[in-house]
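Colleague: I am new to this structure. Please take me closely through one part, the place where the two chains meet.

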Amino acid sequence: MENSLTLKKSLLLLKKGEISSVDLVDACLKQIEKFDKKVNVFVTLNKNALKEAKGVKNKPTKNKPLLGIPFAIKDNFLTKGLRTTASSRLLDDYIPQYDSTVVKKLKDAGAIILGKANMDAWAHGSSTETSDYGSTKNPWDVTRLPGGSSGGSAAAVSADMCTFAIGSETAGSVRGPSSWCGITGLKPTYGRVSRYGVIAMGSSLDCPGPMTKSVEDAQIVYKVIAGKDPMDATTSTKPVGESKKASLKGIRIAIAREYFMKGMDKLVVDSILEAAKNFEKLGAKVDYVEIMEPRHAVGVYTVVQRSEVSSNLARYDGIRFGKDRTHFGEEAKRRISLGAFTLSSGYQDRYYKKAQRVRTLFIEDFKRIFKNFDLIIAPSMPGTAPKLGVTKDAAMFGEMADILNEPSSIAGLPGISVPCGFMDSLPLGLNIIGPQFGEEKVLLAAKLYQNETNWKHVKPNLK
Amino acid sequence: MTRKVFDDKKVKLVAKLSGLKFSKSEISEFKTQFNETLQVVEKLSKIDTTKVKITFQVTGLTNVFRRDIVEKERIFSQKEALSNSKNIHEGYFVVKGVLSGE
């Protein structure tokens, strides 16, 4: 069916006139109808999707590179006229009056929104279990978590409910669910993709990113959404590039023993060492390097993120939109109030400023490594998707699950998770991290690795 | 690190600072969880940062300016601006009183 095609293949067939946008949208909607009760991806569907597809009269072009392509978007991206909740009841009836920049760019490119994908409420979590609309389930095993916070987006891609999806990452929210759902997820450099119109969580960390069926697909979407946006002052004017090289000759790749953590299954480590061999075959040079202990990043991330959450979520007063503050769920309450504490006078130096200083040490440590290396590889997550319900009574579940993504996130680095094997029939992810604005090399290495292996072709068997 | 930073009083204080209300069971639950979280965070104190500069902007940007001009395409009409509010009076948002008493 057309819904299982990659973006690249869909575009090719659209250009040849062998399929239409209606075929794509219709196939996705049928898949949603068949499986969404089980997987729980969509908080809100775009009722006009099929009508929009019927209105597509042309083939994709340079100016409309995604014309007629259906996608799912995480529910923290504002969509004009389409309900946006961030999976929180506080925003249950919020209809945005404008589009986020990412949505505007995708609409301008001709893409069609299928619906808003479930997430951890306010993106606070790594499971989607904190969603006020119920947890999304992992398509590989519906008794397991999809990961989060972009869990709905990851499950939508994995279950072929869309051609591609958009997620956002603060520290692990794209790469984590991509790993657990067996898809490709790119977290760009901080400031590479505009945050305008994205419901803010940690403003110094948040990064929108593509979640796709292949690295080539991620590259196509990335090119559409990346770039300077006057509405987000932190976006960069650096040009957005693409590498078309066919080998990794001259590329130096680092592996860090510190990222093979105690208690990690040997199969997880082996999958990365196996990937290292693939990279060597492709011409890269792989060496071990010493790296800053990732456990320190948990402390830094916890303080910085909660402090920024407390500041960002102060705006929800129920006056101009949404409901009042009694509608916050437990996780949001926890994060807002602990953040208010770490920013409060008397404790700010001890917690917030201390964390921002250790953050500098992480940035400097990565800079030191990238003097001698082009990329770092590691597991995306310490293991495979756990069972539903494990986050209950675990106040630090997300922070611990995302331990391998927190160091690069707090340093603003780009990273991609690509499928790299299975453990007990559940997908594993390879994390490829580059220096700031090093997306070209990250995507090139990921693409060549993916073309060398067969993992992306294995799909979940939803019934 | 056995000293507990949070007691009931401090949990109630941060709730007040955050404009939130916690139930009795939440106060006791959060107290335990906050102390656990701070134990993880306190491990940072072992790292010497006396000579380390603080990071505020991760890609090194400073002072990003824009021209002070009105961007008409970004302006909501009054109708649009009020469209999500539940409490409107003659074209205005209704807010809660801040001052009380005489």
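Modeller: Start with a term. A residue is buried under 20% relative accessible area, exposed over 50%, and partly exposed in between. By that rule Arg350(A), at 35% relative accessibility, is partly exposed. Keep in mind that this is a predicted model.

Now the interface as a whole. Chain A brings 54 residues to the contact, and chain B brings 48. Together the two chains bury about 4,500 Å². Carbon and sulfur atoms account for 64% of that area. On the chain B side, Leu44(B), Val58(B) and Asn84(B) supply 15% of the area buried against chain A, more than any other three residues.

Next, the polar side of the contact. Between chain B and chain A, 21 residue pairs are in polar contact. Three helices of chain B each supply at least two residues to the side that touches chain A: H1 (8-17), H2 (24-42) and H3 (78-82). H2(B) gives the largest share of that side, ten residues. By type, the side of chain B that touches chain A holds 24 nonpolar, twelve polar and twelve charged residues.

The charged residues deserve a closer look. Side chains of opposite charge can pair when their charged atoms come close. Across this interface there are four salt bridges. Over all chains the structure holds 30.

Take Glu26(B) and Lys333(A). These two form a salt bridge, with 3.1 Å between the closest N and O atoms. Lys333(A) sits in helix H10 of chain A, residues 330-343. Is Lys333(A) buried or exposed? Lys333(A) counts as buried because its relative accessibility is 10%, and the limit is under 20%. Look at what surrounds Lys333(A). Leaving aside neighbours within four places in sequence, Lys333(A) is in contact with Phe328(A) and with Leu20(B), Lys21(B), Phe22(B), Glu26(B) and Phe30(B).

A second bridge pairs Glu42(B) with Arg350(A), the closest N and O atoms being 2.7 Å apart. Glu42(B) lies in helix H2 of chain B and Arg350(A) in helix H11 of chain A, so this pair joins two chains. Glu42(B) is buried, at 10% relative accessible area. Arg350(A), as said at the start, is partly exposed. There is also a network. Salt bridges that share partners link Glu330(A), Glu331(A), Arg334(A), Arg335(A) and Glu29(B).

Stay with helix H11 of chain A for a moment. Asp349(A) and Lys353(A) both lie in H11, four residues apart, about one turn of the helix. They form a salt bridge too, with the closest N and O atoms 3.5 Å apart. Asp349(A) is exposed, at 56% relative accessible area. Lys353(A) is partly exposed, at 26%.

Now two loop residues of chain A that touch chain B. The first is Ser204(A), in the loop between strand S5 (184-187) and strand S6 (207-212). Ser204(A) has 11% relative accessibility, so Ser204(A) counts as buried. Its side chain makes a polar contact of 2.7 Å with the side chain of Glu308(A). Another, of 3.0 Å, reaches the side chain of Arg359(A). Not counting residues up to four places away in sequence, Ser204(A) touches Tyr190(A), Val304(A), Glu308(A), Arg359(A) and Val58(B). That last partner, Val58(B), is one of the three residues with the top share of chain B's buried area.

The second is Thr234(A), in the loop between helix H7 (215-225) and strand S7 (252-256). Thr234(A) is buried as well, at 17% relative accessible area. Which residues does Thr234(A) contact, leaving aside neighbours within four places in sequence? They are Tyr190(A), Gly191(A), Arg195(A), Gln57(B) and Leu61(B). The side chain of Thr234(A) makes polar contacts with two other side chains: Arg195(A) at 2.9 Å and Asp232(A) at 2.6 Å.

The loop that holds Thr234(A) also carries a salt bridge. Lys223(A) pairs with Glu242(A), the closest N and O atoms being 3.0 Å apart. Lys223(A) lies in H7 and Glu242(A) in the loop between H7 and S7, so the pair ties together parts 19 residues apart in sequence. Lys223(A) is partly exposed, at 45% relative accessibility. Glu242(A) is partly exposed, at 29%.

Note on methods. Residues numbered from 1 in each chain as written. Chains lettered and ligands numbered in written order. Predicted model: local features only at pLDDT ≥ 70, side-chain atom pairs only at ≥ 80, totals over all residues. Heavy atoms only, no water. Buried < 20%, exposed > 50% of the residue type's maximum accessible area, 1.4 Å probe, protein only. Polar contact = N/O pair within 3.5 Å; in protein donor to acceptor, adjacent residues only side chain to side chain. Contact = heavy atoms within 4.5 Å. Buried area = accessible area lost by both parts, 1.4 Å probe. Salt bridge = Lys/Arg side-chain N within 4 Å of Asp/Glu carboxyl O. Nonpolar A, V, L, I, M, F, W, Y, C, P; charged D, E, K, R; others polar.
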